[in-house]
Amino acid sequence: MFTGIVEELGEVTAVENLGDASRFRLRGPVVTDGAKHGDSIAVNGVCLTVVEHEGDEFTADVMAETLNRSSLGALTVGSRVNLERPTAVGARLGGHIVQGHVDGTGQVLERKPSENWEIVKVSLPADLARYVVEKGSITVDGISLTVVEAGPDYFTVSLIPTTLDLTTLGHKQPGDPVNLEVDVVAKYVERLLAGTQGAGR
């Protein structure tokens, strides 16, 4: 489990096409500290497994399903990525419960800079809109954010300078893809309510 609090802005150093998968090598001195084979690291919000680790770099295999459902397939050598290790038991939950299971992708639609923050508008797939509410939580490229406005096919978030400086959202431009993970609690509630309604028929 992750919390959506990005630990560092890493970099893709190599991409190998494996046919029905890709192998990424990524640099991240913070998240690789103490890393070992089999560990999990979230890359732009996608939970990946460490295959190899050497120095401040690690490799991870990404299957076709993940490449198709996330924006990882658009990464190239030099791409910056948000990196986070799983939260430790007993640690502070600084963001919200993030599984690292991307529900879909959106696109940055608009950026509105202000003196002390920036409003970013992101497109929202129709099948995810019902899970997004104003003041609720959403994960964008692995970043735990609070929804400012929830529209039928978009949402907005307000980004403070720290988020802009230390994550990929400081560099994303209109048209760029982002990974989205909605609040898992909303999905469980929907499933439970559907079961209750069915039992009452």
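## A surface patch, a buried serine and two annotated domains

Met1, Leu93 and Ile97 together make a nonpolar surface patch of about 270 Å². This is a predicted model, so treat what follows as computed from its atoms. Within the patch, Leu93 sits in the loop that links strand 7 (80-84) to strand 8 (104-113). Its relative accessibility is 45%, so Leu93 counts as partly exposed; the cut-off for exposed is over 50%, and buried means under 20%.

Now for Ser70. Where does Ser70 lie? Ser70 is in the loop between helix 1 (64-69) and strand 7. Is Ser70 buried or exposed? Ser70 counts as buried because its relative accessibility is 9%, and the buried class takes anything under 20%.

The Ser70 side chain also has backbone partners. A polar atom of that side chain lies 2.7 Å from the backbone oxygen of Thr66, and the backbone nitrogen of Leu72 is 3.2 Å from a polar atom of the Ser70 side chain. If you skip the neighbours within four places in sequence, Ser70 is in contact with Val46, Val102, Thr105 and Asn179.

On the annotation side, an unreviewed UniProt entry lists residues 1-96 and 97-193 under "domain: Lumazine-binding". Here is how those two ranges look in the model:

| Range | Helix | Strand | Distance between end C-alpha atoms |
|---|---|---|---|
| Residues 1-96 | 6% | 42% | 10 Å |
| Residues 97-193 | 16% | 41% | 21 Å |

Terms used
Residues are numbered from 1 along each chain as its sequence is written. This is a predicted model: local features need pLDDT of at least 70, side-chain atom pairs count only at pLDDT 80 or more; totals for chains, interfaces and linings use all residues. Side-chain values use heavy atoms; hydrogens and water are left out. Patches are made of residues with over 30% relative accessible area and no salt bridge: like charges are joined within 9 Å, nonpolar side chains (Val, Leu, Ile, Met, Phe, Trp, Tyr) within 5 Å. Accessible areas come from the Shrake-Rupley method with a 1.4 Å probe; for residues, only the protein chains shown count as cover. A salt bridge is a side-chain nitrogen of Lys or Arg within 4 Å of a carboxyl oxygen of Asp or Glu. Helices (H or I, at least four residues) and strands (E, at least two) are DSSP runs, numbered from the N terminus. Buried means under 20% relative accessible area, exposed over 50%, partly exposed in between (1.4 Å probe, protein chains only). A polar contact is a pair of N or O atoms within 3.5 Å; within protein, one must be able to donate a hydrogen and the other to accept it, and residues adjacent in sequence count only if both atoms are side-chain atoms. Contact means heavy atoms within 4.5 Å. UniProt positions are given in the numbering used here, feature names are shortened, and annotations may be inferred rather than shown by experiment.
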